[in-house]
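Subject: Structure for you to look at

Dear colleague,

I am handing over the structure we spoke about, and I would be glad if you could look through it alongside the notes below.

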Amino acid sequence: MWRGVSEQNSNKRLKMATPNVASNLVAVCQLTCTTDKEKNLADAKALIARGAQLGAKMVFLPEATDFFATGCDVNSELMESMDGPTLLAYKEIAKEYGVWLSACFHIKSDDPSEPKRSYNCHCIISDRGEVVSGYDKVHLFDVTVDSTAIQESSWTIPGRKITPPVACPVGKVGQCICYDLRFPELALSLAKQGSDIITYPSAFTHSTGAAHWEPLLRARAIETQCYVIAAGQSNPPGQKKELYGHSMVVDPWGQIIASCHEGLDICIANIDLEYLQGIRARMPVWSHRRDDVYQPVLEDSGPDLDLKPFSSPPFDGLGLGLGLQVQ
């Protein structure tokens, strides 16, 4: 039996995953990033090294790989250009360990009218240290969670296009980021363009993650018949739970085949492309799709919703009061 591997700090735990030969391995790294870019880099490098040691061809890192912070002022102080030292360091790490990387960076805009906002850029770096693809997050997290308003658009410039899937050693990878997970149209578009894997580097809040993280990841895997890889940010054990973590890999049948524990951790999974093709052959949903029926609805702008504040959170038991009411 092939073993899905999850490690937390120095504690090694092996968990059973798919019964396939482990020949196409990926590593998923869970980080606990702060504004300390040097420590973030050191933590990531150690996990990448471990992933390479375990035989991974490609290593997936979470959103905000370089640093985790909210707000324009901090962002403007720490963001870098594409040729900045942090991205350069990750390019060197990819070459040093001979692995491909998926990682996210706050990339400074060339537009002088945007001195404080950055792009939330998901980069794929080859084992030769080259950035072969970049995707700028298109859906920004402007919501109210647990009575706290989060306005990602105040420090992030929204992307304007979908990046086509990238041919990587483990399969064709479609790039998304975090909040994109709630928009199946993006995942379906990437699958239609030939993705074998759809990846969601994330920094999910603990409240929304506890309710929606696993169901959404499994739904995206099932409906696209792709592997879904989600590397997340976590809080160190013992600290207040603000970020959800629970980094994982979901197979095209919707099964969780590897997952991380709390804090810094890494899990390993096998990407079995023959298994993927078998699922698509036995459940040929792509040939059954009725775009002639969906298209008029998709082209509609949608209903006019009357959004009003709740007088009290609607989900007290889960701590999920989102502060909106749809009538």
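What follows is an account of the cavities and the nonpolar cores.

Please keep in mind throughout that this is a predicted model. The structure holds 2 cavities of 30 Å³ or more, and the largest cavity has a volume of about 40 Å³. Its lining is made up of Asp66, Glu80, Ser81, Gly84, Thr86, Leu87, Phe105, His106 and Ile107, which by class amounts to 3 nonpolar, 4 polar and 2 charged residues. Helix H3 (85–97) and strand S5 (100–108) each supply at least two residues of that lining, with S5 giving the most, at 3 residues.

Phe105, one of the residues that line the largest cavity, is also among those with the most contacts inside the largest nonpolar core, which has 26 residues, the others so listed being Leu31, Ile48, Val59, Leu61, Tyr90 and Leu101. The elements that give two or more residues to this core are strand S3 (25–30), helix H1 (37–53), H3, S5, strand S6 (118–125) and strand S17 (265–270). Leaving aside residues up to four places away in sequence, Phe105 touches Asp66, Thr86, Leu87, Tyr90, Tyr119, Asn120, Cys121 and Cys123; of these contacts, Asp66, Thr86 and Leu87 also belong to the cavity lining, while Tyr90 is listed with Phe105 among the core residues with the most contacts.

Apart from the core that includes Phe105 lies another one, of 23 residues, among them Cys104, Ala191, Ile198 and Tyr244.

With best wishes

Notes. Residues are numbered from 1 along each chain as its sequence is written. This is a predicted model: local features need pLDDT of at least 70, side-chain atom pairs count only at pLDDT 80 or more; totals for chains, interfaces and linings use all residues. Side-chain values use heavy atoms; hydrogens and water are left out. On a 1 Å grid over the protein atoms alone, a cavity is a set of points where a 1.4 Å probe fits but cannot get out, and a pocket is an open set with protein on both sides within 12 Å along at least five of seven lines; lining residues have an atom within 4 Å of a point. Grid points are joined across faces, edges and corners, and a volume is the space filled by probe spheres set on the points. Helices (H or I, at least four residues) and strands (E, at least two) are DSSP runs, numbered from the N terminus. Ala, Val, Leu, Ile, Met, Phe, Trp, Tyr, Cys and Pro count as nonpolar, Asp, Glu, Lys and Arg as charged, and the others, Gly among them, as polar. A nonpolar core is a set of buried Ala, Val, Leu, Ile, Met, Phe, Trp, Tyr and Cys residues joined through side-chain atoms within 4.5 Å. Buried means under 20% relative accessible area, exposed over 50%, partly exposed in between (1.4 Å probe, protein chains only). Contact means heavy atoms within 4.5 Å.
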